[in-house]
Each structure stands twice: as C-alpha cells, then as structure tokens.
Amino acid sequence: MSQPSFPNITQSITREDAINMILSSIALEELGLSHIINAEGEKIQFVLGTIPGITGPAATIDDVLQINDSVRKTMNSIIQNQSLLNSKMQNALDSSPMQGAIGPTGPTGATGPSGGPIGPTGLTGATGSVGSTGATGITGSVGSTGPTGATGITGPTGPTGSIGQIGPTGPTGPTGATGTTGPTGPTGPTGSNVTATNGFAENNTGASIAVIVAGTSVPLPNAQILSSDITVDASNTIFTVNTSGRYRISYYVNTTATLLLSTRLIINGSPNTASTITPLISLSNFSNEIIINLTAGTTITLQLFGLLGTATLLNNSSGASLMIIRLS
C-alpha cells in the first residue's frame, strides 16, 4: 500500500502555519488509518479466499471467528483514535487567528527629584552616675569562723537621661512626569483561508434507521460546526459545499448490533466508490475517508445500504458523523 510523505520544514513557522500543519497531520493520520482499515479488509479476504490471484489454505470456522475478532479489536482502537483526532481538530479550528501585535513599550518618564534633607538627629541623654559600693565587713580570726559582716548599703540609681527629639521628616519630592505612550504596533497578518471551508456534524441521538437496498440517508442534526460556505438542508442529510477546492471528507458509523450493512458517500447524487465499505461479514463499526476535488455547489450525503433491516446508532457522540475539510 502507499505510504504518507512528510514535508522537510526548515523555515520559521507562524501560528497560522502551525494550525494548518496540525490539520494536515490529522489528515495524514486519517489517511494512515484508512490504509490500516484496508489492510484489515484484505486480511478477511485472504482468510475467505476472495483476493484475486492469491489462494491460501482452506479456512475453518475457527479461523474466520479468530480473524473477525482480530479485525473487531483493531477497528475499536481506530474508533477511539478517531475521537482523539476529532477533539484535536476541533481545538485547532477553535483557535482564533492572531490579532495585531502589541506595540513597543514607550520610553520611561524622568525620575522625580529626591525628597527634602533629613532632619538632625536628637541629642543622646547623659548616663546617670553609678552608686558607691558599700564597705566590706571585717574578716574574723582564724579558727572558728567569725560572723559574716553586714552587707553594705546599695547606692541610689542615677536618673535616666532624657531621649533626644527626632528630627522632622523631609517633604516628599514631586512625582516625575509620565512618559509618552509608545506607538501602536502594526496589525498582525490575516490568517490563511486554506482551512476557512470546513464542516462537522454528527448524530448522537441513538436513532433507528430503516435500511433498504437502494440506500438510506443518515441524518446528522447534532454538533453542527459549518463554515459560511457549507450549508445543510432541512432534513440534515444533504450538505452543500459552495467553494471549489481539494477536500478531505471522512465519516464513521457505529451501530448497537453487528449487521450486514454497507456505507458510502453520495456526491452530487452518485455513489462514490472510494468511500464505499461493503464488508463480507457483519460489522457494527464503519469508517472511511477520501481526498477529492470538488466544485462549488457539490452536495454530499452519508448513506447506509444493504439488506433490509433496522440499524440503531450508538446513543452518544460515536453514533455517526461527517467531517469536511478544504485542503487547498
């Protein structure tokens, strides 16, 4: 199968470039997932012996059940990755383009003069004189210890000197003049309109859809995020693209039970072969994507077809969805 190619990025990247690269990376991831899904289908064809020109060993019922379980697990992982890619894409699309840059900071105003002189320091009061020490008593004669002499009288404590006055605080100097406001910076570049055309819609109501052989359109009334040049009819099944360009279109459908169904996109009233999934065994998960050139006024519809029956979509954001992104 073909492999994705990656650009060699050497120049500086603007914010708009980064958003476009994120959306392009999502498209490449979706392309890789489509190859994985195709490979899973070829695994099933190999086991069933339906690949033209390749004949493998005869498959038993256990072989078919094992390959079916392997494909189911891989598809569940792909569906979970789809939810992450959807969230990643929404975050990128919700990022508004950069507004005008902030102009340079104006020059700093002149510093105001310092305050008045510092007041003189008050005089320190004189230290009081120390009182005289009392006389020591007479030492008794050696032999029996004589009586201890009486303690002399403690002299009076001198008076505490007065505290000098604190000089007055000098007046505060005037505030310097405010510097002039710097000029307004130039307006930032307008965001690229490459991704201006985009749309997303889903069905998260757990709706039941009566499937017929000729095909039944899937309504997508919920979480509609449509740019001004994408419209949808009153039944929420026909989306009209009003800008010519190269588009990436992807969808997924998840039902509550495994049914022998098929899915496809109807473009301008005709089934698109590249978008069609026609499994040989019953599935409950369907997803695909295509890259296609569209002209203004092109209509797009997601459709279920196959054996007569009723398909019940999952009752959450993984029920069914359609995503449209203009790449160029």
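## A long helix, checked with a ruler

The expected span of a helix is 1.5 Å times one less than its number of residues. Let's try that rule on this structure, which is a predicted model. Helix H1 covers residues 15-48, which makes 34 residues, so a span of 50 Å is expected. The C-alpha atoms at its two ends are in fact 50 Å apart in the model, so the rule and the model agree. Right after H1 comes Gly49, with a positive phi of about 75°.

## Five strands side by side

Now for the sheet. Strands of a sheet pair through backbone hydrogen bonds, either parallel or antiparallel. Here five strands form an open sheet with antiparallel pairing, and walking across it you meet S4, S1, S13, S7 and S10, in that order. Which strands stand at the edges? They are S4 (222-226) and S10 (283-294); each has a single partner strand, so one side of each has no neighbour in the sheet. On average, neighbouring strands are turned by 10° against each other, ignoring direction.

Take one pair as an example: S7 (residues 245-259) and S13 (residues 320-326) run antiparallel and are joined over seven bridges. If you want to find a bridge yourself, look for Arg248, whose partner in S13 is Ile325.

## Helices on the sheet

H1 packs on this sheet, where it touches S7 and S10, and its direction makes about 130° with that of S10. Helix H2 (residues 61-94) packs on the sheet too, touching S1 (198-203), S4, S7, S10 and S13. The direction of H2 makes about 45° with that of S10.

## Two holes inside

Rolling a probe the size of a water molecule over the atoms shows where empty space is left. How many cavities of 30 Å³ or more does the structure hold? There are two. The largest has about 60 Å³ of space. Its lining includes Glu30, Leu33, Ile78, Tyr251 and Asn288. H1, H2, S7 and S10 each give two or more residues to that lining, and H1 gives the most, with four. By type, the lining splits into four nonpolar, five polar and two charged residues.

The second largest cavity has a volume of about 40 Å³. Among the residues lining it are Gln82, Asn86, Phe200, Tyr252 and Met323. H2, S7 and S13 are the elements that give two or more residues here, and the largest share, three residues, comes from S7. This lining has four nonpolar residues, four polar ones and no charged ones.

Note on methods
Residues numbered from 1 in each chain as written. Predicted model: local features only at pLDDT ≥ 70, side-chain atom pairs only at ≥ 80, totals over all residues. Heavy atoms only, no water. Pairing = 2+ DSSP bridges. Axes fitted to C-alpha atoms, helices over the stretch in contact; angles between N-to-C directions. Contact = heavy atoms within 4.5 Å. 1 Å grid on protein atoms, 1.4 Å probe; cavity = no way out; pocket = protein on both sides within 12 Å on 5 of 7 lines; lining within 4 Å. Points joined across faces, edges and corners; volume = space filled by probe spheres on them. Nonpolar A, V, L, I, M, F, W, Y, C, P; charged D, E, K, R; others polar.
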